[in-house]
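Visitor: I would like a tour of this protein, please. Where should we begin?

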Amino acid sequence: MDVSTLINPLNDAQRLAVSAPSQAMLVLAGAGSGKTRVLVHRIAWHIQINHIAPHNILAVTFTNKAAHEMRQRVEELLQMSARSMWIGTFHGLAHRLLRQHCKEARLPETFQVMDSDDQLRIIKRLLKNLQIDDTKWPPKMVQGFINGQKEEGIRARHMPGHGDFFYQQLLLVYKAYEELCDRSGLVDFAELLLRAHELLRDNPELLSFYKQRFQQVHVDEFQDTNTIQYAWLRLLTEGNNNLFVVGDDDQSIYGWRGAKIENIYQFRDHYPDHLMIRLEQNYRSTGTILKAANALIAHNDSRLGKELWTHAGEGQAIALYAAFNEQDEAYFVVEKIRQWVREGGSRRDIAILYRSNAQSRQFEERLMTTATPYRVYGGLRFFERMEIKNALAYLRLSANPLDDASFERVVNTPTRGIGTKTLDDMRILARDRSLSLWQAAEWMLHEALLPARAATALNNFLSLIKNIGIQNAQHEALYESVQHVIEASGLIELYKKEKQDKGETRVENLEELVNAARLFDFDTDNPDNLSDIDLFLTHAALEAGEMQGDADDDCVQLMTLHAAKGLEFKQVFMVGVEEGLFPSQQALDDPGRLQEERRLCYVGITRAMQQLTISYAESRRLYGKDSYPRPSRFLKEIPTELLEEIRLRAQVSRPASIAPTTQSYSQSRFRIGQMVRHEKFGEGVVLQSEGDGEQERVQINFRQAGIKWLMLAFAKLETL
Ligand code: ATP
Ligand code: MG
């Protein structure tokens, strides 16, 4: 392989970045300018030209999917394996460090990662134990407080002891929470990062080992790193001047989760000898899309400032559609998608991007009705489904009996006669003696503190878990263990009893879990010889949102704007662009947040390669509430000459299969968008009508029954 493959597909500024001698570097550039491409080529350059072993390279990306792709691209460029390169998300890499050095990290070998749902449960329980009023200190707020402190590297013991009562109570929970997690070997997401930082900071030998090992450190999406992540990077690179970061201040969208744009400014101070490179040519989008993005983001202040340009032509105008309501919006978008596919386009090149996961349902329904294959990233994540979490909790508990969160989750799922009284006593005992629930249970049995029936039930439960553990140790394949868990736990029987569809789906999901275990790719990342179960459980906790996104099928892609960062699609639909939704309600009177929403909109627009379609609804039902939102201010920030409004009538009058005459609307008893009720189908909204008199037909989208055409002469419709 010669140098040209590494350098040829790059422009001058990109080449400069890729081939510069080892030094601290910041590539600061707008969307689609090739930052990620530069990062990949830079890594390949180090390996090929500077003869740095993959083993000596560290790269941090934002999702596991991105990490996976990055490794592949490096391997393609070099025509060799880059297995031993450390590449992953901050959380994934932190986890790996902690597993390898649990002793130094003061963690039990069996420690488990818990997701934010488990964390919330624990906090709820602590509030109850501590008799703290959860209306004044809502669990979610407490959770936000704890995570916020951790993201800044602050432990309870670092916080001042004095303060008002409100603060005192928060501090109390934080302390109790830390104790409980330590005792149960549980690590939340923020803790992974904090502890990985402390691990290196407090163990100079370990730190110097890793500093030597990681000769080159690379970070994509640097603008979204938080304080502790950046501190960790600094530890690893201090004095070596070998940190290479790429980012875009205009795409910083995780401020609400502690990300600091300031890290970019800080970088410039902390690495005074750094080389800064700007890329301004965009290779992704049409001129129109770029102009829209540039104009929008110009409304933010305190930007580092950059303007993108492209050699690509102007392309199509940005389509703008005002829908009657959310159903009409979905209808419109899906029709447009079908048209694109009919004309030979691929579904996988299309993305529907929304602000909030709850918006996906309308689109899913419509896509399902029209038999259009689709895939939702995130949303109701597979590993977050109740039945899956229950099954995993059995696995977790059998791997680590100290795991209180899992204990709580499954001790009575399915019910097995362990009463509330027994559980409460157990919790009190655990709290008073600093025991895990498991230890408290054993103690109660040992001291014969329980009435006979409760004792038997509890004993059976403990034996069940121990047995699962023994069986798992004997199984060769992970999926057999998973199979065994869902059978032995009684979960299958439990869900079989549940009503119809719901129970069936749950059973199917459990079967899918066995399948997921079977297909689980152990090779991807197991340099540390973790047990299969540990690997799988970590995967479930850390990669929850991404699993559904991996398949290569030809599917329309649905995801939140946040999840779309770094990706690109030929056709992008940015939907629900309304005040109160996008920008979100909370951002409306908060200038800082509003700017972050605008950056999110910039991210959304710049995902589009060929065509962008924006839609908003004039009435929307979301979270069970009706609203009549105004179009988003972001729309006014896009120059009108770039937009092409799709006229309502024009659109409704030429849907895919039926072409009603426009004239028929005026004669119809029904307004489009009107809510109606049908005896059998329930409530729905009128989408269109055609014909008149005896022949008049209306198409209605029923909440439950889906879309139907009805003859008015026969259908008894009541207007609402
Ligand atoms: P984002 O800010 O959205 O993460 P980015 O700056 O990381 O974007 P890339 O994803 O690396 O941009 O590149 C955008 C697109 O442009 C990709 O399809 C990439 O392959 C292409 N591209 C980048 N540089 C060049 C180049 N020099 N020649 C041709 N295509 C390029
Ligand atoms: Mg990128």
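Guide: One caution before your questions. This is a predicted model.

Visitor: How many helices and strands does the protein have?

Guide: Both kinds of element occur here. The count runs to 28 helices, and the strands number 21.

Visitor: What radius of gyration does the protein have, next to what the globule rule gives?

Guide: The globule rule gives 27 Å for 720 residues. The protein comes close to that value, so it is as compact as a globular protein of that length. Its C-alpha atoms fill a box of roughly 85 × 70 × 55 Å along the principal axes. The radius of gyration itself is 28 Å.

Visitor: What share of the residues is buried?

Guide: Buried means under 20% relative accessible area. The share is taken over the 720 residues of the protein. It comes to 57%.

Visitor: How many residues of helix α24 are buried?

Guide: Helix α24 spans residues 532–542 and is mostly covered. Its buried residues include Ile533, Asp534, Leu535 and Phe536. His539 and Ala541 are also among them. Of the 11 residues in α24, the buried ones number nine.

Visitor: How far apart do the C-alpha centres of domain 1 and domain 5 lie?

Guide: The domain assignment places domain 1 at 3–101 + 194–281 and domain 5 at 675–719. Domain 2 (112–184), domain 3 (318–381 + 548–653) and domain 4 (384–533) are assigned too. Between the C-alpha centres of domain 1 and domain 5, the distance is 57 Å.

Visitor: Which domains does ligand 1 lie between?

Guide: Look at where the shell residues come from. Two domains both give residues to the shell around ligand 1, so the ligand lies between them. They are domain 1 and domain 3.

Visitor: Which helix gives the most residues to the shell around ligand 1?

Guide: The shell has 19 residues, and the closest are Lys35, Thr36, Gln251, Glu568 and Arg607. By type, four are nonpolar, nine polar and six charged. The helix that gives the most supplies three residues and covers 35–48. That helix is α3.

Visitor: How much of the area of ligand 1 does the protein bury?

Guide: Start with the contacts. A backbone N or O atom of Ser33 lies 3.2 Å from a ligand 1 oxygen. Side-chain N or O atoms come to 2.8 Å from a ligand oxygen in Thr36 and also in Arg607. Taken alone, ligand 1 exposes 640 Å², and the protein buries 84% of that.

Visitor: Which residue follows Thr413 across a cis peptide bond?

Guide: Most peptide bonds are trans. The bond after Thr413 is cis, with omega near -5°. The residue that follows sits in the loop between α17 (404–410) and α18 (420–433). It is Pro414.

Visitor: What is omega for the bond from Phe582 to Pro583?

Guide: Pro583 sits in the loop between β13 (569–574) and α25 (591–605). The peptide bond from Phe582 to Pro583 is cis. Its omega is near 5°.

Visitor: Is Glu221 buried or exposed?

Guide: Glu221 lies in the loop between β6 (216–219) and α11 (227–237). Its phi is positive, about 55°, although Glu221 is not a glycine. The relative accessible area of Glu221 is 11%, and the cut-off for buried is under 20%. So Glu221 is buried.

Visitor: What does Ser434 count as, by its accessibility?

Guide: Ser434 lies in the loop between α18 and α19 (437–446). It is not a glycine, yet its phi is positive, about 55°. Its relative accessibility is 44%, and partly exposed falls between 20% and 50%. So Ser434 counts as partly exposed.

Visitor: How far apart are the C-alpha atoms of Arg633 and Arg195?

Guide: Arg633 is found in helix α26 (residues 633–636). It counts as partly exposed, at 26% relative accessibility. Along the chain, Arg633 and Arg195 are 438 residues apart. Their C-alpha atoms are separated by 42 Å.

Visitor: And how far apart in space are Gln557 and Ile264?

Guide: Gln557 lies in strand β12 (residues 556–560). It is buried, with a relative accessible area of 7%. In sequence, Gln557 and Ile264 are 293 residues apart. In space, C-alpha to C-alpha, the distance is 32 Å.

Note on methods:
Residues numbered from 1 in each chain as written. Chains lettered and ligands numbered in written order. Predicted model: local features only at pLDDT ≥ 70, side-chain atom pairs only at ≥ 80, totals over all residues. Heavy atoms only, no water. Near = heavy atom within 4 Å. Polar contact = N/O pair within 3.5 Å; in protein donor to acceptor, adjacent residues only side chain to side chain. Areas by Shrake-Rupley, 256 points an atom, 1.4 Å probe, with all protein chains shown as cover. Helix = DSSP H or I, 4+ residues; strand = E, 2+ residues; numbered from the N terminus. Nonpolar A, V, L, I, M, F, W, Y, C, P; charged D, E, K, R; others polar. Domains from an automatic or database assignment. Rg over C-alpha atoms; globule rule 2.2 N^0.38 Å. Buried < 20%, exposed > 50% of the residue type's maximum accessible area, 1.4 Å probe, protein only.
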